[in-house]
Each structure stands twice: as C-alpha cells, then as structure tokens.
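Student: Please walk me through this one. Keep it brisk.

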Amino acid sequence: MAKLYFKYGAMGSSKTANALITKFNYEERGMKVWLIKPAIDTRDGAGVIRSRIGLAADAQIIGADTDICAEFAKRSDCHVIIADECQFFAEAQIDQLRRIVDELDIPVLCFGLRTDFMTHLFPGSRRLFEVADSITEIKTICTCGKKAIVNARIDGQGNVITTGGQILLGGNDSYVAMCHHCWKKAIAAQENEVAHD
C-alpha cells in the first residue's frame, strides 16, 4: 500500500537534496517520477528545483489554485510523486495528494519546512502533520551543536528579525537554522542592546 510521507527539517537540513536523491533512486529502478513544487517558490527560476549542494532537476510548477488530482490525471505513466517546499501548498492541495495515495495507490513524498521564522506552522505543513502516514525529521544543527528547529530570519547584519509576513523567500542570506535556546538568546540580546542605546 502506498503512503503519504512528510519529511521535514529546518533550513539547511538538505531537504531538497534528499528529494532529488530520492527522485534519482526511483528513476534508477525504471520508475517515472512526477516532481512538483509550489509556484510561489521562484528562488531558482520557474520549473527548477535546486539544492544548496548543486543537485538540480526540472519540476512542474503547481499554482495556488491548481487541482493536483486533475494535473496528475494527465500523467498515466507516473509511479510516484515527489513534492518540494510542500509547506507552501494549500491545505486543499495536501488533501488532493492524500486522495491520490488513497484512491490510486501512488506514493507521495513531501519535503518541506515545519514552521516559519516565528515558529508557527505553515498551513501545508499543519495539514501534512494531520494526514501523513509517515512523518520524519531531517535533522540539522545550530552553531552551538544542538539540534536546530527554528528557521531564524536575519537581516543583512545577521540580526534576528521577529516581524513581517510568514513567507519571505530566501536562502543563507535570509535565514539561519538555530536551536530554540540560541534563537531566544539572540532576540533577548538585540532587545537589550536597543534598550541601552
């Protein structure tokens, strides 16, 4: 029986590299992979998924209003779906992926973030926690050596940002993975500095 998988991790945990390696493994066994990503993720250009270590592959862009079931129906030869940046999918789209697993017995592997820069769940991630058959954390570490769980948003000077919209696309220039302790400590240090200016 096929399953819906959610493989999540903080920024820099090699989620995309894992997705692309998984794609390679399926294709090496002669299986057809449908690689998808949300249209909002334009960092590497339209229709491309690229990891920090240089792996890349073409992917189909899924718009915010796209019915994933309807798109999948156009692909009769597909054996598996791999979705990158799945936190940006709408909850209804996660339900559509769930439906493909249940009704068509096609495995779906979703890779993405759990939470935003203020430690709040993304809607797509929340829905995956609710309906995925398998949930796996891809771990990475903070500079202190502890497990990183916070996707700290930073400015050009490396200061932690605690205001703004939930979505701001960026890489190492905009985010750093931190443990919760270091994140709170950085915020407190900045607030203390402002208070003494």
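Tutor: We go through the strands, then one helix, then the empty space inside.

Student: What should I know about the numbering and the model first?

Tutor: This is a predicted model, in which local features need pLDDT of at least 70, side-chain atom pairs count only at pLDDT 80 or more, and totals for chains, interfaces and linings use all residues. Residues are numbered from 1 along each chain as its sequence is written, and side-chain values use heavy atoms, with hydrogens and water left out.

Student: OK, strands. How many residues of S2 are buried?

Tutor: 6 of its 6 residues, so S2 is mostly covered. Buried means under 20% relative accessible area, exposed over 50%, and partly exposed in between, with a 1.4 Å probe and protein chains only. Strands (E, at least two residues) and helices (H or I, at least four) are DSSP runs, numbered from the N terminus.

Student: Which S2 residues point which way?

Tutor: Val33, Leu35 and Lys37 point one way, and Trp34, Ile36 and Pro38 point the other. All of them are buried. In a regular strand the side chains alternate between the two faces of the sheet.

Student: A lysine in there? Where is lysine 37, and is it buried or exposed?

Tutor: Lysine 37 is in strand S2. It counts as buried because its relative accessibility is 1%.

Student: And isoleucine 36, buried or exposed?

Tutor: Buried, with a relative accessible area of 0%. Isoleucine 36 also sits in strand S2. Not counting residues up to four places away in sequence, isoleucine 36 touches Ile49, Ala59, Gln60, Ile62, Ile81, Ile82, Ala83, Asp84, Phe89 and Leu97. Contact here means heavy atoms within 4.5 Å.

Student: How far apart are isoleucine 36 and isoleucine 61 in space?

Tutor: 6.0 Å, C-alpha to C-alpha. In sequence they are 25 residues apart.

Student: What does S2 pair with?

Tutor: S2 runs parallel to S6, with 4 bridges joining them. S2 also pairs with strand S5 (residues 60–62) in the parallel sense, over 3 bridges. Two strands pair if DSSP finds at least two bridges between them.

Student: Which residues stand opposite each other there?

Tutor: Tryptophan 34 stands opposite isoleucine 81 in S6. Lysine 37 has isoleucine 61 in S5 as its bridge partner.

Student: What joins S6 to S7?

Tutor: 3 bridges, and the two strands run parallel. One partnership to look at is alanine 83 with cysteine 110 in S7.

Student: Which S7 residues are on which side?

Tutor: Val108, Cys110 and Gly112 are on one side, with Leu109 and Phe111 on the other. Both faces are covered, and 5 of the 5 residues in S7 are buried.

Student: Now S1. Which face is covered, which uncovered?

Tutor: Leu4, Phe6 and Tyr8 make the covered face. Tyr5 and Lys7 make the uncovered one.

Student: And how many bridges join S1 to S7?

Tutor: 5, in a parallel run. Leucine 4 stands opposite valine 108 in S7, and tyrosine 8 has glycine 112 in S7 as its bridge partner. S1 is also joined to strand S8 (residues 134–137) by 4 bridges, again parallel. There, lysine 7 has threonine 136 as its bridge partner.

Student: Switching to helix H1. How many residues, and what reach?

Tutor: H1 (residues 15–28) has 14 residues and reaches 20 Å from its first C-alpha to its last. That is close to the 20 Å expected at 1.5 Å a residue. The expected span is 1.5 Å times one less than the number of residues.

Student: Which H1 residues are buried, and what do they pack against?

Tutor: Lys15, Thr16, Ala17, Ala19, Leu20, Thr22 and Lys23 are buried. The buried residues pack against several strands, including S1 (4–8), S3 (48–50), S4 (56–58) and S7 (108–112).

Student: What follows H1?

Tutor: Glycine 30, with a positive phi near 80°.

Student: Last topic, empty space. What is the count of cavities of 30 Å³ or more?

Tutor: The count is 1. On a 1 Å grid over the protein atoms alone, a cavity is a set of points where a 1.4 Å probe fits but cannot get out, and lining residues have an atom within 4 Å of a point. Grid points are joined across faces, edges and corners, and a volume is the space filled by probe spheres set on the points. The largest cavity has a volume of about 50 Å³.

Student: Which residues line the largest cavity?

Tutor: Tyr8, Gly9, Ala10, Arg114, Thr115, Glu137, Ala148, Ile149 and Asn151.

Key. On a 1 Å grid over the protein atoms alone, a cavity is a set of points where a 1.4 Å probe fits but cannot get out, and a pocket is an open set with protein on both sides within 12 Å along at least five of seven lines; lining residues have an atom within 4 Å of a point.
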